[in-house]
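Me: I am a first-year student, and I should like a close look at a single part of this structure. Please describe one helix together with the parts that pack against that helix.

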Amino acid sequence: MNLKPLKTAGLGSLIMGTLFALTGAVTWGVITSQLADERITTPADAFLPGAPVNNPIAALAQADIINKHALAGSNGLTYAELGAEATKARNAGDTAKAEELTKQRTSVMNGSFLRASLFTSVLAYGVSLFAIGIGLTLIILGWALNKVGGQGVAVRADGAGATRA
């Protein structure tokens, strides 16, 4: 019985697994480095207080608290709701209120942009972890295929079954 395809598949799996795991690990490191370079620390009222934002949990904590602060500054109104209220105030002739709502809307918009950036980092961490996991799985599979493919197998002359050589 020819087991060479198993060894070939095992080698391919080992190579691809190593590439996936290394790529995922390098990407994780780059994301961590880039976040750390921003020198962001979560505020005291975050669910992870006083943490440097250099990992996915801290990035989520920062995104969450940005949203809470933005909503607190806008009396709970979202970006879209502030736009509708500003238009309503402008149409009613209350330009001072419209300007105030527009300022609040700009602040909420900036918070949304910051949150989107942090969520992109969290997503990138997830993809990196997925790549590392797939890579390690392929390495284990490749090792197993190589181990099985490296064993000699002899077929009995009567064709009744195989025995190990």
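Reply: What follows is an account of helix α4, its packing partners and the pocket beside them.

The model is a predicted one. Helix α4 comprises residues 95-149, and its contacts with three other helices, α1, α2 and α3, are taken in turn below.

Let us begin with helix α1, which spans residues 4-37. The axes of α1 and α4 come within 6 Å and cross at roughly 155°. An angle over 145 degrees counts as roughly antiparallel, and α1 and α4 are therefore roughly antiparallel to each other. The crossing of α1 past α4 is left-handed. In the contact of α1 with α4 there are 24 nonpolar residues, 13 polar residues and one charged residue.

Next comes helix α2, formed by residues 56-73. Its axis comes within 9 Å of that of α4, and the two cross at roughly 165°. This angle makes α2 roughly antiparallel to α4. Here, too, the crossing is left-handed. On the α2 side, the residues in contact are Pro56, Ala59, Leu60, Gln62, Ala63, Ile66, Asn67, Ala70 and Gly73. On the α4 side, they are Gln104, Val108, Gly111, Leu114, Arg115, Leu118, Phe119, Val122 and Tyr125. Sorted by class, the contact of α2 with α4 has twelve nonpolar, five polar and one charged residues.

Helix α3, residues 79-91, packs against α4 at an angle of about 165°, with the axes 8 Å apart. The helices α3 and α4 are therefore roughly antiparallel to each other. Their crossing is left-handed. From α3, the contact involves Tyr79, Leu82, Gly83, Glu85, Ala86, Ala89 and Arg90. From α4, it involves Lys97, Ala98, Leu101, Thr102, Gln104, Arg105, Val108 and Met109. By class, the contact of α3 with α4 has eight nonpolar, three polar and four charged residues. Two residues of α4, Gln104 and Val108, appear in the contact with α2 and also in the contact with α3.

The account may now turn to the largest pocket, which has a volume of about 210 Å³. Its lining consists of Ile31, Gln34, Leu35, Glu38, Ile40, Gln62, Ile66, Leu114, Ser117, Leu118 and Ser121. The elements that each give two or more residues to this lining are α1, α2 and α4. Helix α4 gives the most, with four residues. By class, the lining has six nonpolar residues, four polar residues and one charged residue. Among the lining residues are Gln62, Ile66, Leu114 and Leu118, and these four also belong to the contact between α2 and α4.

Key:
Residues are numbered from 1 along each chain as its sequence is written. This is a predicted model: local features need pLDDT of at least 70, side-chain atom pairs count only at pLDDT 80 or more; totals for chains, interfaces and linings use all residues. Side-chain values use heavy atoms; hydrogens and water are left out. Axes are lines fitted to C-alpha atoms, for helices over the stretch in contact, and angles run from 0 to 180 degrees between N-to-C directions. Angles under 35 degrees count as roughly parallel, over 145 as roughly antiparallel, 65 to 115 as roughly perpendicular and the rest as oblique. A crossing is left-handed if the near helix is turned anticlockwise from the far one by less than a right angle, and right-handed if clockwise. Contact means heavy atoms within 4.5 Å. Ala, Val, Leu, Ile, Met, Phe, Trp, Tyr, Cys and Pro count as nonpolar, Asp, Glu, Lys and Arg as charged, and the others, Gly among them, as polar. On a 1 Å grid over the protein atoms alone, a cavity is a set of points where a 1.4 Å probe fits but cannot get out, and a pocket is an open set with protein on both sides within 12 Å along at least five of seven lines; lining residues have an atom within 4 Å of a point. Grid points are joined across faces, edges and corners, and a volume is the space filled by probe spheres set on the points.
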